[in-house]
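Me: I have a model open. Walk me through reading its ring contacts and its core.

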Amino acid sequence: MTVLEKIGSPPTRLGGTALYDWDYLVQEDRAHRLIYTDPAIFEAEMTHIFGGTWTYLAHESEIPHDNDFITRRMGLRPLIIVRDGAGRIRALYNRCTHRGTTLCRWDKGNSKSFQCPYHGWNFLNTGKLRGVPWPEGYAEDMRDPKYNIAQLPRVESYRGFIFGTLNMAALPLTEHLGPIAKIIDEWLDRNPGGKVVVCEANRFRFKGNWKLAYDNSCDGYHVAYSHRSLLETENRFAGENAKGMAYYRNSPDTQPMYMRYTGHGNHFKDKRPNLEKRPGGLWALESAHPGMEHYEADFIKRYGERAFALLDLAGSEPVNINVFPNFSLLGNHIQVFEPVGVAETNAVWYGTMVVDADGTLGDAVTDINALRMRTQEGFPNFGEVDDIANFEQIQRGLMAPEDEWVYMNRGLGVPGRARNNDDGSITAPATDEAFMREHFKEWKRLMKTHPDLAIQREP
Ligand code: FES
Ligand SMILES: [Fe+2]
């Protein structure tokens, strides 16, 4: 038996009228500043979007063993993502059922139970209340399920990536991901055995709305301008062999790269067609980072002809894969957007390691992973700061109340630029804002729909 509790109506104005006219606030070619600045809209997003659709929570490799846990958030809900003693992954609310105290104050660990620091109620990692101090002081039966920790009713993984939702009407995760799952597969399957293990992260916090980051996730228009100093740094010593994102320098729409919208707010920007298809083709693009030449020479000495194929496993895969609302795979990283407030967001960049899942890498795996860590010193350090500076400056610009609109109409109405594919996806040049117009349709759909939300407790 599953104890499900339906959650009441989402936030609406008195009398059941909608909070706003969403069709007015988000139009085909423009969006109103209020969607980035209004605390009431932010609050509604925390149930309609974060909770109303599948949200990325964690990676299975972060909790590899029974009773491992990691603390995360879904929107503003503090969660404990735990693999219980039976191996089942659960997302428990990190909130004591007595008076609401945060139960677990650790980032991660291994524990069969959680004891509340306030009055000592003790819970099993299944969420069940195990005991309370001096129970004779309660007239009620403390085995009532209402005292068990709330948890997400739906937690599903796709190839190690754990997502959760409160929405009982949401499609199964794989269907929800749809065509973007194939691109995630490609990102994983370039590694022997098709696996990654998540490492620690670069953590950024910016003073801006979370959507500013998602609006940037597939944006090929800004690169040559926003990241000019990075492009110049990467290419200072490169000669003819353009490095990093150099293919953005001159008229990026004529380069062999594109963006594709795949539905449900998901999209990807594919720069892989720029690669030379040969062992070392990806590595050749990798911008300079400390120790690189030493490792390269060492790989050639030790592995001979295999060296460049192995070095490619350290290279940053030139694709950005974005799953609405909070997840991106880019280069060798997983980026997660965590709303903190209407004008405050965490942008967390998790590094990933390859694993020698099928025994083909042998000793090389350690060196590949050492090099992968160094790629962390490229874009996540020198590029992300450019983007974050822009997000903060946008938030500042949007505080001017009278100038109301931001535009996302690049490519719209230009004949022959975008293509509607048979599978329902849309392909457009890398600098088009089609991805943003499309993810805002999904945003609007979720904001308009009355979500069928529920939490669950152990019986
Ligand atoms: S608030 Fe947790 S035991 Fe009192
Ligand atoms: Fe950027």
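Me: Which residue lies over the face of tyrosine 221?

Reply: A charge sits over a ring if NZ of Lys or CZ of Arg is within 6 Å of the ring centre and within 35 degrees of the ring normal. Here arginine 410 does so for tyrosine 221, at 4.1 Å from the ring centre. The charged end of lysine 211 sits over tyrosine 36, 5.2 Å from the ring's centre. The model is predicted: local features need pLDDT of at least 70, side-chain atom pairs pLDDT 80 or more, while totals for chains, interfaces and linings use all residues. Residues count from 1 along each chain as written, chains are lettered from A and ligands numbered from 1 in written order, and side-chain values use heavy atoms, without hydrogens and water.

Me: How many aromatic pairs are there?

Reply: Rings of Phe, Tyr and Trp (its six-membered ring) pair with centres within 6.5 Å; planes under 30 degrees apart are stacked, over 60 edge-to-face, the rest tilted. This structure holds 22 such pairs. Tryptophan 22 and tryptophan 443 have centres 5.6 Å apart and planes at 85°, so they are edge-to-face. They are 421 residues apart in the chain. Ring pairs also link Tyr20, Trp22, Tyr36, Phe440 and Trp443 into a cluster.

Me: Is tryptophan 443 buried or exposed?

Reply: Buried means under 20% relative accessible area, exposed over 50%, partly exposed in between (1.4 Å probe, protein chains only). Tryptophan 443 has 0%, so the residue is buried. Tryptophan 22, at 7%, is buried too.

Me: What does isoleucine 41 contact?

Reply: Contact means heavy atoms within 4.5 Å. Beyond neighbours within four places in sequence, isoleucine 41 contacts residues including Leu19, Trp22, Trp443 and Met447.

Definitions and conventions
Helices (H or I, at least four residues) and strands (E, at least two) are DSSP runs, numbered from the N terminus.
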